[in-house]
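Subject: Structure handover and notes

Dear colleague,

I am passing on the structure below, together with my notes on what was found in it. Please read the notes with the coordinates open beside you.

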Amino acid sequence: MHFDAIIAGAGIIGSSIAWRLAQAKLRVLLLDSGEMGGEASSAGAGMLAPGGELESWSDWSHFALHSLRLYPEFVAELTSETGCTIDYQRFGAVELAFTDDESASLKTRREMQESLGIVSLELARRELHALLPDLRAEVAAAAFYPDDALVDPRHIMHALRAACLARCVTIREHEAVIAIRTQPGLVRFEMRDGVVEAPIAVLAAGAWSSLIQVDGLTLPHSFPVRGHLMAWQLEPDSLRPIVRHGHTYLLQRAEGFTIAGTSSEHMGFDRELDPAILGDIHHRAAGLLPRLAVRIPDKQWLGFRPAIDGDAPAVGRVSDTALWLAYGHYRNGILMAPATAERVANEITSSLETGSSAPTGSR
Ligand SMILES: Cc1cc2nc3c(=O)[nH]c(=O)nc-3n(C[C@H](O)[C@H](O)[C@H](O)COP(=O)(O)OP(=O)(O)OC[C@H]3O[C@@H](n4cnc5c(N)ncnc54)[C@H](O)[C@@H]3O)c2cc1C
């Protein structure tokens, strides 16, 4: 079968690109060494939270904010194409400070974020208590980020599968790409049992991207940063909005599933849950919401954030080739998926329209 574009990696990034390219009438082959959405894209908490992530100006902070603005339409379009339900909620986030030092850094952070256009409001104790009555009482300061949102990435992946299939994307799971070879106007993917080639290709294999050999090219190095999460089934609507304190957060999905995170470990692809790390997350979560102290978590899991050398994901065409990169979204791949898919799909479709093989630069 002939394909216009082949994509290695069916996480939220590769699958969103596949969907956008299929909407543009390209015949797309989407390959995954495991299952579609089976890695970071199902493990992620799903905070769409520039307020918790961005402090200073960069092209990428603007890209992330642009992606946040694309989310309502991204979700609405996926829902209308597939009929799938997507838990997407825009109820904001509260950032807490418990000491004078933390209050001072929160104030500085909010001032820096203001120049990025990130809105935050100082919350008085009374207002915080009205919003989150179950929270630990002795808070020194709190800021409310009204634009931060939340999505269930498993719902997005479910909808992306349906949207891709409806638009005739060929999805092949359990097919690992071992090597990529580029020639003028052609990219070849080598798998254990064969070869596929197409005029356009995308490398979107998340943390595994650098394990795929790409001949003759030095690409940005990707690596995994492991993160643990845990969750409790609580009564729905009992925790609104998202609560954050440093690297600890609590968020609740629509059906009451309440997630606490997180950790960061440089452990390669070790899939063994670490009880000490989980104990620490439980302790920190109960430090915010005391009633969790006596509750045994209903679920615990981990995932591999796709980190990359440098401070920005690799998104764009590799000079002088027909290969695009879309990996290295680290802690914000769920957030940045709509903007990444938009950028990569637009670049690819305009390169096909102009018949251009001219480099547009990578990263
Ligand atoms: C604990 C945790 C919490 C997170 N919380 C958030 C959050 O709140 N908000 C947010 O925006 N982001 C969050 N993230 C980050 C987010 O999950 C990732 O940035 C995003 O999922 C990356 O998507 P991806 O498609 O690049 O990677 P992945 O979802 O990992 O997909 C890559 C795919 O490539 C496949 N693959 C690997 N090797 C090959 C090969 N050789 N050939 C073919 N396919 C291959 C894999 O099987 C996988 O399916 C979190 C991540 C973790 C781990």
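To begin with a single residue, C168 counts as exposed because its relative accessibility is 60%, where over 50% is the cut-off for that class. Please keep in mind throughout that this is a predicted model, and that the values below are computed from it. C168 sits in the loop between α7 (153-166) and β9 (170-172), and its phi is positive, at about 65 degrees, although C168 is not a glycine.

K25 also has a positive phi without being a glycine, in this case near 75 degrees. K25 follows helix α1 and belongs to the loop between α1 and β2 (28-31). With a relative accessible area of 67%, K25 is exposed.

The helix that precedes K25 deserves a closer look. Helix α1 covers residues 12-23, and 12 of its 12 residues are buried, so α1 is largely enclosed by the rest of the structure. The buried residues include I12, I13, I17, W19 and L21, but also S15, R20 and Q23. The length of α1 agrees with expectation, because 12 residues at 1.5 Å a residue should span 16 Å, and the C-alpha atoms at the two ends of α1 are 16 Å apart.

Within α1, what does S16 contact once its neighbours within four places in sequence are left aside? The partners of S16 are F74, L160, A337 and A341. S16 has a relative accessibility of 0% and therefore counts as buried, the limit for that class being under 20%.

Turning to the nonpolar interior, the largest core has 60 residues, of which Y71 and I156 touch the most other members. When residues up to four places away in sequence are not counted, I156 touches I12, Y71, F74, V75, L78, I86 and V151. Among these partners of I156, I12 is one of the buried residues of α1, and F74 is also a contact of S16. A second, separate core has 25 residues, including A142, A260, A285 and A286.

I also looked at the second largest pocket, which holds about 240 Å³ of space. Its lining is made up of 16 residues, and those closest to the centre of the pocket are L65, L68, R69, D147 and D148. Two or more lining residues come from each of α3 (50-53) and α4 (59-82), and α4 gives the largest share, with 4 residues. By class, the lining of this pocket has 10 nonpolar, 2 polar and 4 charged residues.

Finally, there are two cis peptide bonds that you may wish to inspect in the backbone. One joins R240 and P241, with omega about 0 degrees, and P241 lies in the loop between β15 (222-233) and β16 (242-245). The other runs from G261 to T262, where omega is near -10 degrees, and T262 is found in the loop between β18 (257-261) and α8 (275-288).

With best wishes

Note on methods: Residues are numbered from 1 along each chain as its sequence is written. This is a predicted model: local features need pLDDT of at least 70, side-chain atom pairs count only at pLDDT 80 or more; totals for chains, interfaces and linings use all residues. Side-chain values use heavy atoms; hydrogens and water are left out. Buried means under 20% relative accessible area, exposed over 50%, partly exposed in between (1.4 Å probe, protein chains only). Contact means heavy atoms within 4.5 Å. The expected span of a helix is 1.5 Å times one less than its number of residues. On a 1 Å grid over the protein atoms alone, a cavity is a set of points where a 1.4 Å probe fits but cannot get out, and a pocket is an open set with protein on both sides within 12 Å along at least five of seven lines; lining residues have an atom within 4 Å of a point. Grid points are joined across faces, edges and corners, and a volume is the space filled by probe spheres set on the points. Ala, Val, Leu, Ile, Met, Phe, Trp, Tyr, Cys and Pro count as nonpolar, Asp, Glu, Lys and Arg as charged, and the others, Gly among them, as polar. A nonpolar core is a set of buried Ala, Val, Leu, Ile, Met, Phe, Trp, Tyr and Cys residues joined through side-chain atoms within 4.5 Å.
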